[in-house]
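Subject: Structure for you to look at

Hi,

Here is the structure I promised to pass on. Have a look at it first, and then read my notes below.

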Amino acid sequence: MTRQLKLLIGGLVCALLPYVLFLGITETKRVNGQVVVHESLNVGGVIAGIGALAIAWAMAMKWETEADKAPRWRIAAAVVAVLGALQVVVSLDLIG
């Protein structure tokens, strides 16, 4: 298994695992039985998202061989970076 493939798998795990595994806090406020405020902070998702961004940077910028410079790895790194950034935004409850 090549270095880039290992980084890709690790980046995807970091970016997608927090959608399944929640490690954080939630708060729901109800008034007369209706939810008026629902806030959550997924600390694990923020950390994993930052990890995915770091892995994407390593995939795109640190090469050990000429094969690591192939455009397909840069595209894969961009996908991991977008998923990692989205994970950070969702984990901070800024969207979704």
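Before the notes, one term: by contact I mean heavy atoms within 4.5 Å. Also bear in mind that this is a predicted model.

With that in mind, let me begin at Ser91, which is found in helix α3. Not counting residues up to four places away in sequence, Ser91 touches Ser40, Leu41, Asn42, Gly45 and Val46. Is Ser91 buried or exposed? Its relative accessibility is 3%, so Ser91 counts as buried. Two of those partners, Gly45 and Val46, turn up again among the buried residues of α2.

Now the helices. α1 runs over residues 3-16, α2 over 43-61 and α3 over 71-91.

The 14 residues of α1 reach 20 Å from the first C-alpha to the last, close to the 20 Å expected at 1.5 Å a residue. Which residues of α1 are buried? They are Gln4, Leu7, Leu8, Gly11 and Ala15. These residues cover an arc of only 105° around the axis, which means they sit on the same side of α1. The cover over them includes α2 and α3.

α2 has 19 residues, which should span 27 Å at 1.5 Å a residue, and the 27 Å between its end C-alpha atoms agrees with that. Its buried residues are Gly45, Val46, Ala48, Gly49, Ala52, Ile55, Ala56, Ala58, Met59 and Ala60. What covers them includes α1, β2 and α3.

That leads to the core. Nonpolar side chains tend to be buried together in soluble globular proteins. Here the largest nonpolar core has 14 residues, and the members that touch the most others are Leu7, Leu8, Met59, Trp73, Ala76 and Val80. Each of α1, α2 and α3 supplies at least two residues of this core. Which helix gives the largest share? It is α2, with six residues. For a single spot to zoom in on, try Leu8: leaving aside neighbours within four places in sequence, Leu8 is in contact with Met59, Trp73, Ala76 and Val80.

On to the strands. β1 (residues 24-31) pairs with β2 (residues 34-42) in the antiparallel sense, over eight bridges. As a point of reference on the pairing, Arg30 stands opposite Val35 in β2. The hairpin has two residues between the strands, and Asn32 takes a positive phi near 55° there.

That phi deserves a second look. Most residues other than glycine have a negative phi. Asn32 is not a glycine, yet its phi is positive, at about 55°. Asn32 sits in the loop between β1 and β2 and is exposed, with a relative accessible area of 80%. Asp93 is another case: it is not a glycine either, and has a positive phi of about 60°. Where is Asp93? It lies in the segment after α3, and at 29% relative accessibility Asp93 counts as partly exposed.

Last, the salt bridges. How many are there? The count comes to three:

- Glu64 and Arg3 meet through their side chains at 3.4 Å, N to O. This pair links distant parts of the chain, 61 residues apart, with Glu64 in the loop between α2 and α3 and Arg3 in helix α1. Glu64 counts as exposed at 61% relative accessibility, while Arg3 is partly exposed, with a relative accessible area of 23%.
- Glu27 pairs with Lys29, and their closest N and O atoms are 3.7 Å apart. Glu27 counts as partly exposed at 38% relative accessibility, and Lys29 is partly exposed too, with a relative accessible area of 43%.
- Lys69 pairs with Glu66, where the closest N and O atoms are 3.4 Å apart. Lys69 counts as partly exposed at 37% relative accessibility, whereas Glu66 is exposed, with a relative accessible area of 62%.

If you only have a minute, start with the core residues Leu7, Leu8, Met59, Trp73, Ala76 and Val80, then go to the pair of Glu64 and Arg3, and finish at Asn32 in the loop between β1 and β2.

Cheers

Note on methods
Residues are numbered from 1 along each chain as its sequence is written. This is a predicted model: local features need pLDDT of at least 70, side-chain atom pairs count only at pLDDT 80 or more; totals for chains, interfaces and linings use all residues. Side-chain values use heavy atoms; hydrogens and water are left out. Two strands pair if DSSP finds at least two bridges between them. Helices (H or I, at least four residues) and strands (E, at least two) are DSSP runs, numbered from the N terminus. A nonpolar core is a set of buried Ala, Val, Leu, Ile, Met, Phe, Trp, Tyr and Cys residues joined through side-chain atoms within 4.5 Å. Buried means under 20% relative accessible area, exposed over 50%, partly exposed in between (1.4 Å probe, protein chains only). The expected span of a helix is 1.5 Å times one less than its number of residues. The arc is that of the directions from the helix axis to the C-beta atoms. A salt bridge is a side-chain nitrogen of Lys or Arg within 4 Å of a carboxyl oxygen of Asp or Glu.
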